[in-house]
There are 2 protein chains.
Amino acid sequence: MATKTSKDIRNESRFMVLRTVYARHTVTRAQISAETGLSPATVTTLVGELVEEGVLREAGQISSQGGRPTATFQANPSRGALLAVDVAETYVRVDLFDISLARLDQERVDLDPGAQSIETVAEHIRGCTDALLGRRPELAGHVLGAGVSLPGQVDPVRGIDVFAPNWGWHEVPLMEALERAVPVPVRIDNPLMALATGELWFGAGRRFRQFVAVNLGTGVGAGIIIDGQLLRGRGNSAGEWGHTTLIWNGRACPCGRSGCVETYIGAEGIRTTLSEIAPEHELLTVTHHRDFIERLMRAEATCDAAAQEALLRTGDYLSAAIGNLVNLLDPEHVSVLGWITRYAGTELHDRVRERIAQECLPGPSSTLSIEFTDADGEGVSLGMAVLALEGFLERVGLPSPSSALSPAAASTGPGTARTGWAVPHADASLPRR
Amino acid sequence: MATKTSKDIRNESRFMVLRTVYARHTVTRAQISAETGLSPATVTTLVGELVEEGVLREAGQISSQGGRPTATFQANPSRGALLAVDVAETYVRVDLFDISLARLDQERVDLDPGAQSIETVAEHIRGCTDALLGRRPELAGHVLGAGVSLPGQVDPVRGIDVFAPNWGWHEVPLMEALERAVPVPVRIDNPLMALATGELWFGAGRRFRQFVAVNLGTGVGAGIIIDGQLLRGRGNSAGEWGHTTLIWNGRACPCGRSGCVETYIGAEGIRTTLSEIAPEHELLTVTHHRDFIERLMRAEATCDAAAQEALLRTGDYLSAAIGNLVNLLDPEHVSVLGWITRYAGTELHDRVRERIAQECLPGPSSTLSIEFTDADGEGVSLGMAVLALEGFLERVGLPSPSSALSPAAASTGPGTARTGWAVPHADASLPRR
């Protein structure tokens, strides 16, 4: 069984330094020290390492009153570029970032509905990447890494997509095709972990160490941050809040269960709610999810009673589902993200605000903060750029633990590996002496 | 924002040493090192500190082949005693433990049904304690601490019971009455945290760093262990799985919500299920929860169809509710504890084994282990003895972080404190540059 080491502490401190630099753009060592609580000596050492590796650079000098001038630091965009790939069920999008996480350019291609092979997906990624780098030949050879978000349950340690029901993917190996398409080190993950990583670096993670980052979109999930670190679980599948029960034996879910949260508050779930209220409603013919939600909100604003009722019920479902997270985890904070918040954030937030106290036990709800944030898809690619950056830093010996892969797997020796869930009824009991 | 320090690491290492000693009774330094992965030098230092404080003692010497004799160590029962108090809705029970966590004696008094004041409860605790110490006058002055488990949402940092619906308690201050009743340092908690602490020290915690300890009883809950540490949440309320939704708008729950997991798989929930199947069933007149479950199991064994159906449905509810935990947290393991498992563990386990794969996403379920353990109430008092021991060790400067109180509160500066849950809709978005 592993325990924390002084190296772990150093990695966590490095993450705090980097996050401060990225969030504030230009900082002095003293500002980093003040913001992180790290000692000036530690900050000097960590900044020195990052400057030596070319990740940070001295940006200038500022003079304090009467004192010596003080160096300011920022991320060093000339160090190289990062690719962030967002593979969704309806598109493939590749963004090019510099190492300061400034977005330089973007390419996107729509996918036909229906099943995709990893080879087709990789071909699209290659096409987008070639187009991006064709426009910036100076970056050839300077791409430091790529982060690729894929739908479903992605296991970055094994390099496979465990389960992506909408494409019929089960245990699909990803790395060979992706590394052929993008000839730089590739880190894979799913959109939920990407969004939560972005929120940890740039959002609520700057103020809270225990929070939940809820993602509302076609799929829904909840990134769980405990003690400043993203919970990945044993196989990178933690956070599948969309596949927890809201109504046992309720609506059928593509995952095979019924009554999952996603079937009520995901985009398709909201459509089902509208169809229950008004089976003949004209918006039910709109198949594209964003178009549907956008037009639903327009209808709601123009006093379409069915649209209003659908939104209200969605808010009730969302309140209960957030209440479950709060009662189970007692977090400091909940961030609600995802593209649905762009369209329906205000209305859903109003309803959650009305309902949440009734859905939570008195203790947790008394000090909880909830924020709805319009991130609209940018969050996934930013998060994947951060993960690509984390992967690069790890390779050059400067790791940060903020979204470390598979701590459970790493800490469990082969002697404790389990090969099946079904363990016989144990007679063992707690020791009684 | 706080980060881990080398002191934290030392505390975690100390916990691992102590747990090894307690679990194995008598150990050499080399065995501790082998079991924990700590260096021999670290083990020597930590064992030395614990011997100096009298918590451990040298037990003897064993000779290895041809080598020098090696010292063995064990907990030192002459160092003093610990009190573990289990206040339930129907009884108060006080157990006396020595510092090796051997149970020396026990006193118990039944409570009348209905509301109780903390003063009455404290009076019972005092009576039991006086009786226990009256039988062992040699321990007078040598009680090192007391752990008191109380029902509901208990906040050990503020020293209050936030919410105990069955007694109508809201924000009830506890410490003054308890410290008058037991004139030693008191650490309060709830039964769920106590059970999970016992499981962390003596059960699954020895094999897993990410697991869930489910408690099935009159109330139900789920202690969440992440990275070898019990998750307490912001106000010690994490783990209220019993108050997450199984059926939205379902059975009314004393907590004020409806359709909570507890209303389906708690003792009262099982009775409701039986009443839905057979409204005139004779067992419905049995009001005492344990009697009811015990007789239900006897009826089930004698082919009472309604009892069998009630058990089956309870197993289905339990499977779905465990599936929610697995999908959300992707743990390595689930331990199912609590007094209901003593009576119905085999039957419920059989049904969960049949159903769980359908209730979990493919990734998490493929490597999950589930064990049902018959702890039957002993777990709560053992866990409170451990918490009393942890409190004592903290006071003498030898803390362990295994069930640290309120890490969130400790790590959040006053600048980030929140005073209300309702934060206005934020326009802030992830940075786009």
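**Figure 1. A loop residue of chain B, B:Asp227, sits between two strands.** In this predicted model, B:Asp227 belongs to the loop that links strand E13 (220–226) to strand E14 (229–230) of chain B. Take a look at its backbone: phi is positive here, about 55 degrees, even though B:Asp227 is not a glycine. That's worth a second glance, because most residues other than glycine have a negative phi. Is B:Asp227 buried or partly exposed? It has 18 C-beta neighbours inside 10 Å, and 20 or more would be needed for buried, so B:Asp227 counts as partly exposed.

**Figure 2. Another aspartate with a positive phi, B:Asp330, lies in a loop of chain B.** This time the loop runs between helix H10 (305–329) and strand E15 (333–337) of chain B. Phi of B:Asp330 is near 45 degrees, again a positive value in a residue other than glycine. How many other C-beta atoms lie within 10 Å of B:Asp330? There are 28, so B:Asp330 is buried.

**Figure 3. A:Leu329 of helix H10 touches residues of both chain A and chain B.** Now hop over to chain A, where A:Leu329 lies in helix H10 (residues 305–329). With 28 other C-beta atoms within 10 Å, A:Leu329 is buried. Which residues does A:Leu329 touch, leaving out those up to four places away in sequence? In chain A they are A:Val212 and A:Ile224, and in chain B they are B:Gly233 and B:Ala238. Check out the partner A:Val212: A:Leu329 and A:Val212 are 117 residues apart along the chain, yet 8.8 Å separates their C-alpha atoms.

**Figure 4. Helices H8 and H9 of chain B cross each other.** Here you can follow helix H8 (residues 267–277) and helix H9 (residues 289–301), whose axes come within 10 Å and cross at roughly 50 degrees. An angle like that falls between the roughly parallel range (under 35) and the roughly perpendicular one (65 to 115), so H8(B) and H9(B) are oblique to each other. Their crossing is left-handed. On the H8(B) side, B:Ala267, B:Ile270, B:Arg271 and B:Leu274 make the contact, and they meet B:His289, B:Phe292, B:Ile293 and B:Leu296 of H9(B). Sorted by class, this contact has 6 nonpolar, 1 polar and 1 charged residues.

**Figure 5. Chain A is divided into three domains.** Stepping back a bit, domain 1 covers 6–75 and domain 3 covers 206–372. Domain 2 is written in two pieces, 79–194 + 379–410. How many Å separate the centres of domain 1 and domain 3 of chain A? Taken over C-alpha atoms, the separation is 38 Å.

Methods: Residues are numbered from 1 along each chain as its sequence is written. Chains are lettered from A and ligands numbered from 1 in the order in which they are written. This is a predicted model: local features need pLDDT of at least 70, side-chain atom pairs count only at pLDDT 80 or more; totals for chains, interfaces and linings use all residues. Domain bounds come from an automatic or database domain assignment. Axes are lines fitted to C-alpha atoms, for helices over the stretch in contact, and angles run from 0 to 180 degrees between N-to-C directions. Helices (H or I, at least four residues) and strands (E, at least two) are DSSP runs, numbered from the N terminus. Angles under 35 degrees count as roughly parallel, over 145 as roughly antiparallel, 65 to 115 as roughly perpendicular and the rest as oblique. A crossing is left-handed if the near helix is turned anticlockwise from the far one by less than a right angle, and right-handed if clockwise. Two residues are in contact if their C-beta atoms, placed from the backbone, lie within 7 Å. Ala, Val, Leu, Ile, Met, Phe, Trp, Tyr, Cys and Pro count as nonpolar, Asp, Glu, Lys and Arg as charged, and the others, Gly among them, as polar. A residue is buried if 20 or more other C-beta atoms lie within 10 Å of its own, exposed if 12 or fewer, and partly exposed in between; C-beta atoms are placed from the backbone.
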